[in-house]
Amino acid sequence: MWNGDIVEIITIILAWFVIGMIAFRLYKKHSEKPKLWKVIIVILLGFFSFSFNWNVFDRMIQVAVLPLGVWILYGVLKRKKERWEKYRPFAWLGFFANFILLSFILVALPINFFIFPENKPETYISNVEKAFIINIHPSAKEHQQVKENLLKLIHRLKQEEFFSDEWYNETYMDTESNKRKERFPYMLINTLPKWGSGLSAIVYIEGDGKGLLIVTPKKQYYFHSDQSLLEEGK
């Protein structure tokens, strides 16, 4: 099932629609119309810039600083002044398109966070119809399975600190390397995240079945419940 970032896709489409409208207004102002395909290429080349990365809501965003594309176009088109004058507005539009996209993304980020909160387990696990667990460590008990009301239990999970002194001592300090305790001996698979979130994660279940570790490309989230998510299989 497709699961792209729907908010981001809509944002980019809207931003480019605005850029297209501005380009159309600039195009209409010319008494001698430039060739449309050249206008499109000039806008795309003008988009090229030197930029720096900015971390917002755990997401890296590029902020344009220097209009490299405009400079390149100027170097190519300056031999004929009238040609540069004709395409210059479109070249700068390409550069400022960076900021139009940036403004749309900045608006979309909190919306995306509100719709798909990354610190909620139900964002990563919204469909468990075909979910099951696999044992990934010898300490895992045989014949365990997820409970039928797994999704309901997941909604009740509360986020807690993943690392603790007790867990660290149990795992690394008090045990030989070949006898270390595995805190998460089960992996939960075949679940689906919220449609349109564009998120992916690996989900591990704690040995007593009461904890869930969600590992994303960016972060790890640990959630705990008073009830086990697992039961003895039939």
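How many residues lie between strand 8 and strand 9 in the hairpin that they form? The points below take this up along with the rest of the predicted model.

1. The hairpin of strand 8 and strand 9. There are four residues between the two strands. Strand 8 covers residues 211-215, and its antiparallel pairing with strand 9 runs over five bridges. Within this pairing, Ile214 has Tyr221 of strand 9 opposite.

2. The six-stranded sheet. The hairpin strands belong to an open sheet with the strand order 3-6-7-8-9-5, paired in the antiparallel sense. Strand 3 (132-135) and strand 5 (158-160) are at the edges; each has a single partner strand, so one side of each has no neighbour in the sheet. From one strand to the next, the twist averages 35°.

3. Strand 5 at its edge. The partner here is strand 9 (residues 220-224), with three bridges in the antiparallel sense. Glu160 faces Tyr222 of strand 9. Strand 9 therefore sits between strand 8 and strand 5 in the order 3-6-7-8-9-5, while strand 5 is left with one side without a neighbour in the sheet.

4. Strands 6 and 7. Residues 186-189 make up strand 6 and residues 202-205 make up strand 7; the two run antiparallel and are joined by three bridges. Leu188 has Val203 in strand 7 as its bridge partner.

5. The hairpin of strand 1 and strand 2. These strands are not in the sheet order given above, 3-6-7-8-9-5. Strand 1 spans residues 50-56 and strand 2 spans residues 59-66, and seven bridges pair them in the antiparallel sense. Ser51 is opposite Ala64 of strand 2, and Trp54 is opposite Ile61 of strand 2. Two residues separate the strands in this hairpin, where Phe57 has a positive phi near 55°.

6. A nonpolar patch on the surface. Phe50, Phe52, Trp54, Val65, Leu66, Trp71 and Leu106 make up this patch, and their accessible area together is about 660 Å². Strand 1 and strand 2 are the elements that supply two or more of its residues. The most come from strand 1, which gives three residues; Phe50 lies in that strand. Trp54, another member of the patch, is the residue that stands opposite Ile61 in strand 2.

7. Salt bridges. Across the whole structure, the search gives four salt bridges. One joins the side chains of Glu8 and Arg59, at 2.3 Å from N to O. Because Glu8 is in helix 1 and Arg59 is in strand 2, this pair ties together parts that are 51 residues apart in sequence.

8. Positive charge on the surface. Which residues gather in the patch of positive charge? They are Lys35, Lys38, Lys78, Arg79, Lys80 and Arg83. Of these, Lys35 is placed in the loop between helix 1 (6-29) and helix 2 (36-46).

Technical notes:
Residues numbered from 1 in each chain as written. Predicted model: local features only at pLDDT ≥ 70, side-chain atom pairs only at ≥ 80, totals over all residues. Heavy atoms only, no water. Patch = residues over 30% accessible without salt bridge, like charges linked within 9 Å, V, L, I, M, F, W, Y side chains within 5 Å. Areas by Shrake-Rupley, 256 points an atom, 1.4 Å probe, with all protein chains shown as cover. Lys, Arg positive; Asp, Glu negative; His and termini not counted. Charge placed at Lys NZ, Arg CZ, Asp CG, Glu CD. Pairing = 2+ DSSP bridges. Axes fitted to C-alpha atoms, helices over the stretch in contact; angles between N-to-C directions.
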